[in-house]
Amino acid sequence: MMPWKVSPSPVGEYDVPKDDEQVTEARVKVDGVTKVFTSTTNGRRVEALQEVSLHVETGEFVCLLGPSGCGKSTLLNILAGFERPTKGEVLVSGHRVSGPGPDRGYVFQEPALFDWMSVWGNVKFGLVCNPDTRKRFPDPDKQVQQCIELVGLKGFEHTFPNFLSGGMKQRVAIARALAPDPDMLLMDEPFGALDAQTRYLMQGALLEIWERTRKTIVFVTHSIEEAVFLADRVVVMTARPGKIKWIDRIQVCRPRDLSDMSLMETRARLFELIGTEMKETEA
Amino acid sequence: MSSDGSLLIAAESDLLTGNRHTTTGKHLFRRYWLVIAILIVWELAARYGYLPRAVLPAPSTVAQSAASLTAHRDPALGSLPDHLLRSLGRQLLGFGLAVAVAFPLGVWMGMSQKVRECLLPLVQIFYPVPGLAWTPLAILWLGLGGKTVIFLIFIGAIWPILYGTIGGLQNIRPHYGRAAASLGATHFYQLTRVSIPASLSMILTGLRLGYGASWRTIVGAEMIASTSGLGYMLSVAADTRRGDVIVAGMIIIGALGFLIEYFAFDRLDRATVGRWGMRETH
Amino acid sequence: MKQSNEEFPSRGGPGRWLRPALTLVAALSLWEIAAVLKLAPPFLLPTPLTVLETWISLAKGEAIGMAPLLSDIWISLQRQLIGFGLAILIAVPAGFFMGAFPKATESLLSPFRFLYPVPTIAWVPLTLLWFGPGWRSILFITFLSAFWPAFFNTYEGVRNLSRLHVRVARIFGATPLVYFFKVAIPGSLPFTLTGLRLSYGASWRMLVAAEILLATSGLGYVIDQSRSMLRTDQVMAGIATIGCIGYLTERFVFDALESVTIARWGIRRAERR
C-alpha cells in the first residue's frame, strides 16, 4: 500500500511558481504553450501540446518524461526553435525564442555528426560558422581542445565520425554543442540508441560534464531510471495532447544509487503515473 | 535516379578493378585463363587463314597497325596520338562545361523548391532525348567540326550531373540541417560546409554517369560530325575496310575510358566519400 | 532513370501545376519571340507552331520523299524491341547463373570485363565491316547496348542477395536448383528490373544513333535526312518524338511492370544512395 496518492489535478507536489518575482531568475520560461500540427494532405489537426507552462532555473538539470507521442520532443523542439508554438511563448535568458541558435545547444538522438569532418572539425564548426561566434572566439582551437578533453575524447581529434563507436559519437555531439558556450543544452533521448552498458557510462559522463560546466540541461527521455538518475526535477507529461501531469523534485545527492529507498519510491510513483498515460496512448 | 546509375557503377568498378585481395598468381590465372585462351585461338586462327582479314585481323596485326599509326602519319587515317589528343581535349572541354553549368544549376535547384518546381519539368522534357539525337540539329546550327562535338558532349553530360546534384541535395538527412542551424551557421556556411559534402555521394555518381555519357557521345559525334579525333579515325577505317585499325581504335577507346574512370573518379571517390567512411559497402 | 516527381517531392495542392506550366509558357514564348525576331534565319530557327505543324504533316506522310512518321516510329520500335528482347533473353539468365555460382563461372566473366568498357558506339565500324549497312548491323548494336546493363545489374543483384536468405536456404538443405529458382532469382528481382529499365533506355539511345549512321528508315534516319534537306523544323519534330517515346515507354511500361511484380510483394526498388 503506497503512502502517497496520485493527485487527480494536473500538477503534482512542486507547482509552477505563480509569483513573478521568483521567476525573473529562471533561465527558461515556457508560458502557456500550445502546439497544433495540421496535416497538409488531409487537413487533420493534431494537438501535440496543450497549455504547457514550465520554468527552468539556471544550472538545473530537468528531464521531460513521458510515453511516446506525448509531445516531449515537440516541446524540446520548440525550446530549440525548430518549431514555433501555435499559442503561448518561450523565453530563454529573457529573450523570446524565434529560431535555432548557438545559445541553445542541441544533441539529437542520432549523433548527426558531419561525417566529412574529423572530430576536431565537428567541434570547431560551431565556432566558425557565423561571424558573431567568430568574434566571441578569436582563438577557437583552444576551446575546441578543451571541449574534446571535457568529453573524454583526447587523442581522437583527427578521427572521422564513421570510425567511432555510438557512445563516442554522442560524446562528440555533446562537445560540439558545448563548444560555442551555450546558455543551455537540449538533449533529445541522446542515449536511446546505445546499448545498455554504454548508456550507463554515458549517463555518468554526462553528469561529470554537467558538474564541471553547470549548464542548464533539458533532457528528454522515456526511461524512468534515466530520469531519476540524472535529474534535479522530472517533468511527467500526459499522453497526447501533452500537458504537464506531475513535476517531481529529486534532491538526492549524486552519484545516485538507484536502490536507495527514496529513489525507489520516486521510481514507483513515476512508473504508475506513466503507466496510466501509456494505457491512454495504446487505446 | 542514383539507384539505377550507381548500381551499374558499383558493378563496373567492382568487376573491372576486380577483387584487390586476390591478385596472387594462381587467382589471376583462374580468372583470366579464358581471355588468354581466346587471344591465342584468335591469333592462330587469323594466322592460318581461318579468320578472313575482313572479319577480324590477328591481335598481332592490330598491335602492329597501332604502333605504325603512332609512329607515322597515314595519309588517310592520320596519326593516332593526334586523334587521341584531340578527342581527349574535346571531351575535357565538353565535360568541363557541363559540370560548370550543371553543378551550380543543380545546387540552386536542389536548395530552392520554387526553382525546382519551375525548372524540373523542362529538365524532364529534355532528359530522354539521347545525346546523339541532337547531332543533326547541332550540325545545322554549328556546322561540322570541334564545336559541334563539344556541344554534343555538353548536352549528353549535363542531365546526369543535374539529376545527381539535385537528388543529392534533396536527400540529405534533415538532422544535418538542424544541427547546423542550431549551431548558428550562416546560409552560405551551411551550403558549402554541410549540404554539399553531405550530398557528395550522389553528386559523384552523377558526375560519373555524365562522364560515361560524354565518352559515348564523343565517339559517335566524331564519327558523324568531325574530321579529326578517334571517332573520325574509326569511321575512315571502316570506309577503307581496315579491320586492324578499327579494333585498335576500339581497344584504345575502351582503355582510355577505363583509365580515366579509375584514375580520376575512383581516386576522387576514395579521397572524399571513401575516406570519410560514407560509402555504403555492397 | 526515374523521372516521376516522387523523387523530387514538392508541395501538394493546385499551385503545383502553376509554376511548371508558367515556366513552359515562358520558355515557349521566348522561343517564339526569338524566331519571330529572326535572331537566326528561319530555316535554322522555326517557330514552335511551325514545328508542331510540321510534326502533324510528317505524321500524315505529307513530307516530300518521306514515309509517314508513324511507319518510321514503328520501324524503330520494332528494331529496338527485337534487339532488346534478344539481349535480355541472353543477358538475364547469364547474369543469374554467373551471379549465383560466381566461383564456378569466374573465368567466364573476364571477357566481359574487357569488352564492357568499349562504348557500344565504337562497335559500329566493326559491325559495319561484319554485317554491312542495314538492319542486321542495327540489330547487333541495339543488342549490344541492351546487353550490358541487363547483365551487370542482374549479376550484381544476385551477388547482393542478403546473406541471411542464402543461409536459410542452406540450413534447409536446398538443392542448387531450388536455390536458383526459388531464392536467387526472385530475391534479386528489384536489381534485375532496374537493369531492364536501364537496358531499355540504353538501347533506345543507341538505336537512334545507329540509325543516324547506318539506316535507310526509322526515326534516326528521318532526322538525318531532314538535316541534309535543311529542314530544321522536321529535325526538331523528330527529336521531340524520340524524346517522347523514350519517356513514355519508361514511365508507363516499366512503372507498370514494377507495380505488378515487386511493388506487389512490398519490395522497394533497388536503392543505392
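## A buried arginine in chain A

With a relative accessibility of 3%, Arg176(A) counts as buried (under 20% relative accessible area, where over 50% is exposed and in between is partly exposed, using a 1.4 Å probe and protein chains only). This is a predicted model, in which local features need pLDDT of at least 70, side-chain atom pairs count only at pLDDT 80 or more, and totals for chains, interfaces and linings use all residues. Residues are numbered from 1 along each chain as its sequence is written, chains are lettered from A in the order in which they are written, and side-chain values use heavy atoms, leaving out hydrogens and water.

You will find Arg176(A) in helix α6 (residues 166–178) of chain A; helices are DSSP runs of H or I with at least four residues, and strands are E runs of at least two, numbered from the N terminus. Beyond its neighbours within four places in sequence, Arg176(A) has contacts (heavy atoms within 4.5 Å) that include Phe114(A) and Asn122(A), as well as Ala179(B) and Leu183(B).

## Chain A as a whole

Chain A holds nine helices and 10 strands. Of its 283 residues, 53% count as buried. Among its contacts between residues at least 6 apart in sequence, 70% join residues at least 24 apart.

## Over in chain B

Helix α10 (residues 200–225) of chain B has 26 residues. Of these, 22 are buried, so α10(B) is largely enclosed by the rest of the structure.

Ile36(B) makes a nice contrast: this residue sits in helix α2 (residues 25–47) of chain B and, at 44% relative accessibility, counts as partly exposed.

Methods. The expected span of a helix is 1.5 Å times one less than its number of residues.
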